[in-house]
Amino acid sequence: MALSGIQIYKMLPQTNCKECGFATCLAFAMKLAAKQAELDGCPYVTEESKAALAESATPPIRLVTLKGKAGEAKAGNEVVLFRHEKTFYNRPGVFIRVLDTEDDEVIENKVRTGSSYSVDYVGMELRIDGFAVEAASGDRTRLATVVEALRASTGLPLILVGSDPAVLSGGLDKLEGEAPLIMGADTSNWEAMADLAAGRGAALGIRGGSIEELAQLSEKIKEKGVEDLVLYPAVDSMSASLALNTQIRRLALKNFRPLGYPTIAFAAASGDQGRESLMAAQAICKYAGFVVIDTFAPELIYPLLVLRENIFTDPQKPIQVLPALYEINSPGRSDPVLVTTNFSITYFSVANEVEGAGLPAWLLVTDAEGMSVLTAWAAGKFDAESIAKAVKQFGVADKVDQKWIVLPGHTAVLSGELEEELPDWVIKVGPREAVDLPGYMRQVLN
Ligand code: SF4
């Protein structure tokens, strides 16, 4: 049973040394009780207390890791219902499903294009996480052949989908040394599926149409020695799926152990790409650990991967780039110096506009603790002093003959002070929006 903050407090050293980052042991205990801190944060907890607190320190949702020959997909370890309470930790793995009844060429094409898909998004590489192979043929040999062919083109983690353990074992034979997910155990086959998963070191997906069914099955399967479980709330409508996934997350966070596992969602919509996209988006937001989609198409995948990034970035940590002087399109000594902050999206907005327009420029990125231009200016992190400091720190004056520096339009108010800080420079005020930079550079700086 989960312990209260006061119960946890009684097992802490009670010295209020602050090394855990909290002002008092009681504050730390309250955060532990709310699953918003890790016990490791206090270096002085005794072994005896650690053992007693183990339950409270155990994440309410088990971490399940699928391993392929090249890569892993992790799900679970989440501790909150809403990301603003703390953060979400493990991005749901996006898997593309192939059927073993499809033509070899169709499968090969889907796997090759899917596994090589990669897109740069504000400095992050977005990719899919693996493939799901459905044993639709019911033929052990066919499944084995498809898995073997798939392994020749990709090492990404795999999910094997089917209800017959004898058939699925044919696919598992080709995944020696890996940790795939086999999907799915239900009321009719759970014992044999549990034996198969336990014998092959695979995670096991459980299919059930209600909370009660999933909880009962997970307890029985756990008793057979399978710890890595994934729950599949198998319902028809999106609203029912949303309700079940939310209930599972809520109960898991209340330490109801039979539901303390990541979930999986299948966004299958019989060729309706719009609906498939909606189902997958819902699953990413609430609260799937793995999302399986049927269609591989960049216009479907890209927004899902971007959505995933937006949901799973830590809201307390701005995404930053390194403060530095960046070169765009091989600038020369007469090209302008643009200034911005080190908030990642701000940097990439400016850099992409200028680079895409084919215009050479120096881009001076100041250390504004990852804040955007206006926020940093309002917080006193982007001012004439910090810009002048960056100009000196990165030796900008040594790179150019024509000393033109362009302020973001929103901070035109800084131009007077910057003239005082950098008397050798001509201070220009650029546009407010990055999208207007190319036009401004062509008209004003030439
Ligand atoms: S580090 Fe441990 S002893 Fe120190 S304040 Fe935090 S909980 Fe208390």
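This briefing introduces the main sheet of the structure and its nonpolar cores. The model is a predicted one. At its heart for our tour is an open sheet of eight strands, paired in the parallel sense. We then turn to the largest nonpolar core, which has 75 residues, and to a second, separate core of 35 residues.

**The sheet**

- Reading across the sheet, the strands come in the order S10-S9-S8-S7-S6-S3-S12-S11.
- Strand S10 (229–233) and strand S11 (264–267) are the edge strands; each has a single partner strand, so one side of each has no neighbour in the sheet.
- From one strand to the next, the twist averages 25°.

**A pairing to look at, and a helix on the sheet**

- Strand S3 (residues 93–99) runs parallel to its partner, strand S12 (residues 290–293), and four bridges link the pair.
- One bridge to find on screen joins Val 94 to its partner in S12, Val 291.
- Helix H8 (residues 211–223) packs on the sheet, where it touches strand S8 (181–185), strand S9 (203–208) and S10.
- The direction of helix H8 makes about 150° with that of S9.

**The nonpolar cores**

- Within the largest core, the residues with the most contacts are Val 133, Leu 204 and Val 291.
- Helix H7 (residues 190–200) gives the most to this core, contributing five residues.
- Beyond its neighbours within four places in sequence, Val 133 is in contact with several residues, including Val 98, Leu 143, Leu 150, Val 161 and Gly 171.
- The second core has Val 321, Ala 368, Val 391 and Leu 418 among its residues.

Notes: Residues numbered from 1 in each chain as written. Predicted model: local features only at pLDDT ≥ 70, side-chain atom pairs only at ≥ 80, totals over all residues. Pairing = 2+ DSSP bridges. Helix = DSSP H or I, 4+ residues; strand = E, 2+ residues; numbered from the N terminus. Axes fitted to C-alpha atoms, helices over the stretch in contact; angles between N-to-C directions. Contact = placed C-beta atoms within 7 Å. Core = buried A, V, L, I, M, F, W, Y, C linked by C-beta atoms within 7 Å. Buried ≥ 20, exposed ≤ 12 C-beta atoms within 10 Å, placed from the backbone.
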